[in-house]
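Please load the model in your viewer, with the selection panel at hand, and follow the stops below in order.

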Amino acid sequence: MTDGADFNDLKRRMDGAISSFKSDIAALRTGRASANVLDPVSVDAYGSKMPLNQVANITVPESRMIMVSVWDKSMVGAVEKAIRESNLGLNPITDGANLRIPLPELNEERRKELVKVAHTYAENGRVAVRHVRRDGMDALKKAEKDGDIGKDDSHAQSEKVQKMTDDVISEIDRMLSDKETEIMQV
């Protein structure tokens, strides 16, 4: 016999959506070099897709430069290709087993593109949260139908699930607004 929605599980899953969104927007560069910029890059290595940080060291020697030191010299071409095709607007310069990636100044057009990408990430986060809400509501409906909880309990718990959802979505919107301000700052 259940008592409706498992609020701890719903909270954990909604927090997962927030942390995923946080890591997505952390990778959006705002003018200073950061190793996180290359987080979304996957390299075709040894017959499978691997995250860049599993085939190379990523360092930031200066504010407008990222250095990628590839461990296996035979992978340098694949790493360079993955970075170029990552849609991050980066153009690596090969220097032996190292790749130097100068970060160009962000112009107005590129800043607007980054804001659009941030909005896409935010919408993906909101959709994930709504899926969690739907699962919680479905559990409540099933518990009510099975007679495990009454109509009043079901209604009260569904309001609680909706409040959790609204709070998490407003947190995502706040984080998006902060990132948008950061990106558009010259």
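Which residues does Ser-154 touch, not counting residues up to four places away in sequence? Select Ser-154 and you will find Leu-140, Glu-144 and Ile-149 in contact with it. Keep in mind throughout that this is a predicted model. Ser-154 lies in helix 4, and because its relative accessibility is 7%, under the 20% cut-off, Ser-154 counts as buried.

**Along helix 4**

Move next to Ser-158, which also has its place in helix 4. Ser-158 counts as buried at 18% relative accessibility, and apart from residues up to four places away in sequence it touches Met-137 and Leu-140. Leu-140 is thus a residue to keep displayed, as it is listed among the contacts of Ser-154 and among those of Ser-158.

Continue to Leu-176 in helix 4, which spans residues 151-184. Leu-176 is buried, with a relative accessible area of 5%, and, leaving out residues up to four places away in sequence, it touches Phe-21, Ala-118, His-119, Ala-122 and Arg-126. If you add Val-115 to the selection, the C-alpha to C-alpha distance to Leu-176 is 8.9 Å, although the two are 61 residues apart in sequence.

**Three helices, pair by pair**

Two packed helices are described by the angle between their axes and the distance between the axes. Begin with helix 3 and helix 4, whose axes come within 10 Å and cross at roughly 170°; that angle makes helix 3 roughly antiparallel to helix 4. The residues of this contact divide into 14 nonpolar, seven polar and ten charged.

Now show helix 1 together with helix 3, where the axes come within 9 Å and cross at roughly 170°, so that helix 1 and helix 3 are roughly antiparallel to each other. On the helix 1 side, the residues to select include Leu-10, Met-14, Ala-17 and Phe-21, and on the helix 3 side they include Ala-118, Ala-122, Gly-125 and Val-129. By class, this contact of helix 1 with helix 3 has eleven nonpolar, two polar and four charged residues.

What angle do the axes of helix 1 and helix 4 make where they come within 11 Å? They cross at roughly 10°, which makes helix 1 roughly parallel to helix 4. Among the residues that make this contact are Phe-7, Leu-10, Met-14 and Phe-21 of helix 1, and Val-161, Val-168, Ile-172 and Leu-176 of helix 4. The contact of helix 1 with helix 4 has 13 nonpolar, two polar and five charged residues.

**The nonpolar cores**

With the three helices still on screen, colour the largest nonpolar core, which has 27 residues, and in which Leu-10, Met-14, Phe-21, Val-129, Val-161, Val-168 and Ile-172 have the most contacts. Helix 1 (7-26), helix 3 (108-145) and helix 4 are the elements that give two or more residues to this core, and helix 3 gives the most, with nine residues. Apart from it lies another core, of 24 residues, among them Val-43, Val-70, Val-79 and Leu-103.

**Helix 2 and the strands over it**

Select helix 2 (residues 76-84) and show the side chains of its buried residues, which are Val-76, Val-79, Glu-80, Ala-82 and Ile-83. Because these residues cover an arc of only 160° around the axis, they are on the same side of helix 2. What covers them includes strand 1 (42-45), strand 4 (65-70), strand 5 (93-95) and strand 6 (98-102).

In strand 6, pick Pro-102, which is partly exposed with a relative accessible area of 31%. Leaving aside neighbours within four places in sequence, Pro-102 is in contact with Arg-64, Met-65, Asn-91 and Ile-93. For a sense of scale, draw a distance from Pro-102 to Ala-17, 85 residues apart along the chain, and the C-alpha atoms will be separated by 32 Å.

**Last stop: a loop residue**

Finish at Tyr-46, in the loop between strand 1 and strand 2 (48-51). Most residues other than glycine have a negative phi. Tyr-46, by contrast, has a positive phi of about 55° although it is not a glycine, and at 58% relative accessibility Tyr-46 counts as exposed.

Note on methods
Residues numbered from 1 in each chain as written. Predicted model: local features only at pLDDT ≥ 70, side-chain atom pairs only at ≥ 80, totals over all residues. Heavy atoms only, no water. Helix = DSSP H or I, 4+ residues; strand = E, 2+ residues; numbered from the N terminus. Buried < 20%, exposed > 50% of the residue type's maximum accessible area, 1.4 Å probe, protein only. Contact = heavy atoms within 4.5 Å. Core = buried A, V, L, I, M, F, W, Y, C linked by side-chain atoms within 4.5 Å. Arc of directions from axis to C-beta. Axes fitted to C-alpha atoms, helices over the stretch in contact; angles between N-to-C directions. Parallel < 35°, antiparallel > 145°, perpendicular 65-115°, else oblique. Nonpolar A, V, L, I, M, F, W, Y, C, P; charged D, E, K, R; others polar.
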